[in-house]
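The following exercises are intended to be worked with the sequence and the coordinates at hand. Each task is followed by a solution in steps.

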Amino acid sequence: MMKRFNYLFILLIFLLSSCASNKVQEKETLKSALDGKFYIGAALNADQIEGKDEAGLRVLKEQFNSIVAENCMKSVNIHPEEGKFDFTLPDKFVELGEANNMFIIGHTLIWHSQLAEWFCVDEQGNNVTPEVLKERMKNHIHTIVSRYKGRIKGWDVVNEAILDNGEWRQSKFYEILGEEFMELAFQYAHEADPDAELYYNDYNEWHAGKREAIVKMIQSFKEKGIRMDAIGMQGHIGMEYPSLEEYEASILAFSNAGVKVMITELDLSALPTPDRNVGAAVEASFEYKKEINPYPDGLPEEVSKKWNDRMASFFQLFLKHQDKVKRVTMWGVADGDSWKNDWPVKGRTDYPLLFDRNHQPKEVVQTIKNLALRN
Ligand code: XIL
């Protein structure tokens with residue numbers, strides 16, 4: 001009799017405590033559950049920065065503790081003509097981050113894409129000399145970085161300079177200055193804000209060639225004493241690629257070379273990819289076909305389950321390496337905002353982010369919180 005009472009008592013305590021712990025987990029937000037592990041961030045579009053997307057901002061403030069600008073700090077927008085800067089949105093973006101106590105990231109100083117037309121050429125459209133380009137880069141970087149000195153905590157200094165096979169991308173910067181453009185960019189950024197963290201950011205870094213080239217670059221920066229704090233792994237991933245092992249190999253390789261890792265632009269497309277080697281090359285574009293837009297009215301249950309499981313497995317990987325991964329940033333707040341709806345095929349309906357089109361958390365959000373509280 002007494003024994004049975006003991007069993008019942010233990011069962012009751014167990015049930016009560018598991019209810020209580022579920023309640024705690026429901027109350028947790030992404031940022032509270034991940035506190036002390038890594039920042040959880042989101043890229044912001046113009047509507048969010050201007051306060052027009054109220055639902056998106058509600059989710060942002062509740063769940064995220066880091067932000068990056070999706071477009072407004074790229075040279076075509078922030079420095080459209082030589083000497084003419086437009087700081088309207090970038091100023092608001094930084095104010096929003098400060099008002100909400102967020103870790104603010106600047107994206108991106110030197111990139112071949114969304115590049116201001118004037119940047120690398122003269123009035124006739126010919127490449128400028130190395131001296132002129134150095135001066136322009138220096139002025140661009142000094143002006144922007146020093147404006148937000150101490151407020152923007154980390155910069156994507158150079159974006160996408162290396163190809164999947166490890167060779168240099170033949171950008172205007174490379175054409176005119178050779179490899180030196182990379183080091184110069186980091187030096188100029190460091191001069192403008194010696195306390196800011198500086199990152200090299202790219203996609204497809206799970207390709208062995210790109211991984212090795214980046215490791216060499218980290219080593220060479222270390223030898224020369226040039227500051228580089230982390231490698232940004234964009235993470236525009238699909239249902240079939242990359243494998244977790246490939247992704248993990250790059251986290252380990254960069255960390256072993258002596259820098260931190262930031263997952264900077266995470267989204268997981270639920271749609272078929274027209275070309276798995278496209279990476280995140282923004283200039284790529286494929287013709288729209290109905291067959292490659294299979295879920296215009298919502299994800300079928302089994303696809304949604306696969307999507308949630310795959311996203312969860314990536315977060316599990318990040319948590320496993322929480323000593324190396326310092327931030328995970330989603331490339332947007334909710335599915336409706338995502339660039340993946342229009343890239344690499346215009347006019348599709350994709351489901352790549354943690355919050356759905358109605359700003360409701362997907363199943364994976366609770367899974368991430370549970371994983372975070374256990375790991
Ligand atoms: C994308 C934006 O999300 C789109 O709105 C824009 O039209 C093109 O650029 N790699 C990057 C990001 O570093 O800046 C890109 O952002 C996506 C790929």
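A polar contact is a pair of N or O atoms within 3.5 Å. The model to which this cut-off is applied here is a predicted one.

**Exercise 1. The ligand site**

Task: Identify which residues come nearest to the ligand, and determine which side chains place a polar atom by one of the ligand's oxygen atoms.

Solution.
Step 1. The ligand is surrounded by 15 residues, and the nearest of them are E70, K74, H107, N159 and E265.
Step 2. In the side chain of E70, an N or O atom is 2.4 Å from a ligand oxygen. For H107, the separation between a polar side-chain atom and a ligand oxygen is 2.7 Å, and for Q114 the corresponding value is 3.1 Å.
Step 3. On its own the ligand has 420 Å² of accessible area, of which the protein covers 84%.
Step 4. Sorted by residue class, the shell holds five nonpolar, six polar and four charged residues.

**Exercise 2. Salt bridges and their exposure**

Task: State how many salt bridges the model contains, and classify the partners of selected pairs as buried, partly exposed or exposed.

Solution.
Step 1. A salt bridge requires a side-chain nitrogen of Lys or Arg within 4 Å of a carboxyl oxygen of Asp or Glu. By this rule there are 15 salt bridges.
Step 2. K52 and E50 form one such pair, with the closest N and O atoms 3.1 Å apart. K52 counts as exposed because its relative accessibility is 58%, whereas E50, at 38%, is partly exposed.
Step 3. R147 and D91 are joined by a salt bridge with an N to O distance of 2.7 Å. This pair connects distant parts of the chain, since R147 lies in helix α7 and D91 in helix α6, 56 residues apart. R147 has a relative accessible area of 38% and is therefore partly exposed.
Step 4. R151 pairs with E98 at 2.9 Å between the closest N and O atoms. Here too distant parts of the chain are linked: R151 belongs to the loop between α7 and β4, E98 to helix α6, and 53 residues separate them. Both are partly exposed, R151 at 28% and E98 at 39%.
Step 5. D164, D202 and K210 form one network through salt bridges that share partners.

**Exercise 3. Strand β8 and its partners**

Task: Determine how many residues of strand β8 are buried, and find how β6 and β7 are joined to this strand.

Solution.
Step 1. Strand β8 spans residues 260–268, and eight of its nine residues are buried.
Step 2. Strand β6 runs parallel to β8 and is joined to it by four bridges; within this pairing, I231 has V261 as its bridge partner.
Step 3. Strand β7 is also parallel to β8, with two bridges between them; H236 has D267 as its bridge partner.

**Exercise 4. Backbone geometry**

Task: Locate the cis peptide bonds at T108 and P344, and describe the phi angle and burial of N204 and H359.

Solution.
Step 1. The bond between H107 and T108 is cis, with omega about -5°; T108 belongs to strand β3.
Step 2. The bond from W343 to P344 is likewise cis, with omega near 0°; P344 is in the loop between β9 and α13.
Step 3. N204 has a positive phi near 50° although not a glycine, and sits in the loop between β5 and α10. With a relative accessible area of 2%, N204 is buried.
Step 4. H359, also not a glycine, has a positive phi near 65° and is found in the loop between β9 and α13. H359 counts as buried because its relative accessibility is 14%, and the cut-off is under 20%.

Notes. Residues numbered from 1 in each chain as written. Predicted model: local features only at pLDDT ≥ 70, side-chain atom pairs only at ≥ 80, totals over all residues. Heavy atoms only, no water. Near = heavy atom within 4 Å. Polar contact = N/O pair within 3.5 Å; in protein donor to acceptor, adjacent residues only side chain to side chain. Areas by Shrake-Rupley, 256 points an atom, 1.4 Å probe, with all protein chains shown as cover. Nonpolar A, V, L, I, M, F, W, Y, C, P; charged D, E, K, R; others polar. Buried < 20%, exposed > 50% of the residue type's maximum accessible area, 1.4 Å probe, protein only. Pairing = 2+ DSSP bridges.
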